[in-house]
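Here are my notes on the model, set out as numbered points for a colleague's reading. Please keep the sequence and the structure open while going through them.

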Amino acid sequence: MKRILTVIAGITVLFYLAAGIVCAEERAPAITLQDQYDKMISLRQYEGHIVVLIASDKEGSAQNKAWAKAIREHYADRVIVQGIADVSSVPFFMKGVIRNDFKRDGESILLDWKGEVFKAFGFTKSVANIVLIDRDGIIRHRSSGSADPHAVEELFKKIDERK
């Protein structure tokens, strides 16, 4: 009987983790990366603000603009939107080219050359990853995939809880 209860408890925890439900307060990792303009940016400098990270590798990058547009149209400058690009697969001799390509975007995008931030956050490859961080640096919501209306509305609901 004890073994069955342990298995049920384990399955329940896995279900909540798979559903993206944060069971306990999880502090955002203390990351510092350079953007495409060589500016060092740390998540710590955003404490006191609501932050949405939009992170992807090249395959998931097509989904990023829709997320950023939806958030900025709804919240303007009341929410900080910070992009992060996994560029760990880029050969060292192509770094300058990639950095210049990101400059065309105009927005600051943190460049994760070693893939360490993607590992620290547990981001999924080939899709956009969305992380909501509250004013105290606590992760309040995670999702991945396209900015479909349901996913966007769920993020907005979580942001509005933090105002």
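1. How many bridges join strand β5 to β6, and do the two run parallel or antiparallel? The answer is that 4 bridges join β5 (residues 80-86) to β6, and the two strands run parallel; within this pairing, Leu 111 of β6 is the bridge partner of Ala 85. Helices (H or I, at least four residues) and strands (E, at least two) are taken here as DSSP runs numbered from the N terminus, and two strands pair if DSSP finds at least two bridges between them.

2. On the basis of the coordinates: this is a predicted model, in which local features need pLDDT of at least 70 and side-chain atom pairs count only at pLDDT 80 or more, whereas totals for chains, interfaces and linings use all residues. Residues are numbered from 1 along each chain as its sequence is written, and side-chain values use heavy atoms, with hydrogens and water left out.

3. The sheet is open and has 6 strands in the order β1-β8-β7-β4-β5-β6, with mixed pairing. Because β1 (26-27) and β6 (109-112) stand at the edges with a single partner strand each, one side of each is left without a neighbour in the sheet. At the β1 edge, 2 bridges join β1 to β8 in an antiparallel arrangement, and Arg 27 has Ile 138 of β8 as its bridge partner.

4. Strands β7 and β8 are also antiparallel and are joined by 5 bridges, one of which pairs Val 131 with Arg 142 in β8. The two strands form a hairpin with 4 residues between them, and Gly 137 in the turn has a positive phi of about 85°.

5. Helix α2 (residues 64-75) lies across β4 (51-56), β5, β7 (129-133) and β8 (138-144), running at about 170° to β4; contact means heavy atoms within 4.5 Å, and axes are lines fitted to C-alpha atoms, for helices over the stretch in contact, with angles from 0 to 180 degrees between N-to-C directions.

6. The search of the whole structure finds 4 aromatic pairs, where rings of Phe, Tyr and Trp (its six-membered ring) pair if their centres lie within 6.5 Å, planes under 30 degrees apart being stacked, over 60 edge-to-face and the rest tilted. Tyr 75 and Phe 156 form an edge-to-face pair, at 5.2 Å centre to centre with 85° between the planes. Since Tyr 75 lies in helix α2 and Phe 156 in helix α5 (residues 149-161), the pair ties together parts that are 81 residues apart in sequence.

7. The largest pocket (on a 1 Å grid over the protein atoms alone, an open set of points with protein on both sides within 12 Å along at least five of seven lines, lining residues having an atom within 4 Å of a point) holds about 780 Å³ of space. Its lining has 30 residues, of which Ser 61, Asn 64, Ala 85, Phe 102 and Ile 109 are the closest to the centre. Strand β5 gives the most to this lining, with 6 residues, while β4, α2, β5 and α3 (95-103) each supply at least two.

Technical notes:
1 Å grid on protein atoms, 1.4 Å probe; cavity = no way out; pocket = protein on both sides within 12 Å on 5 of 7 lines; lining within 4 Å. Points joined across faces, edges and corners; volume = space filled by probe spheres on them.
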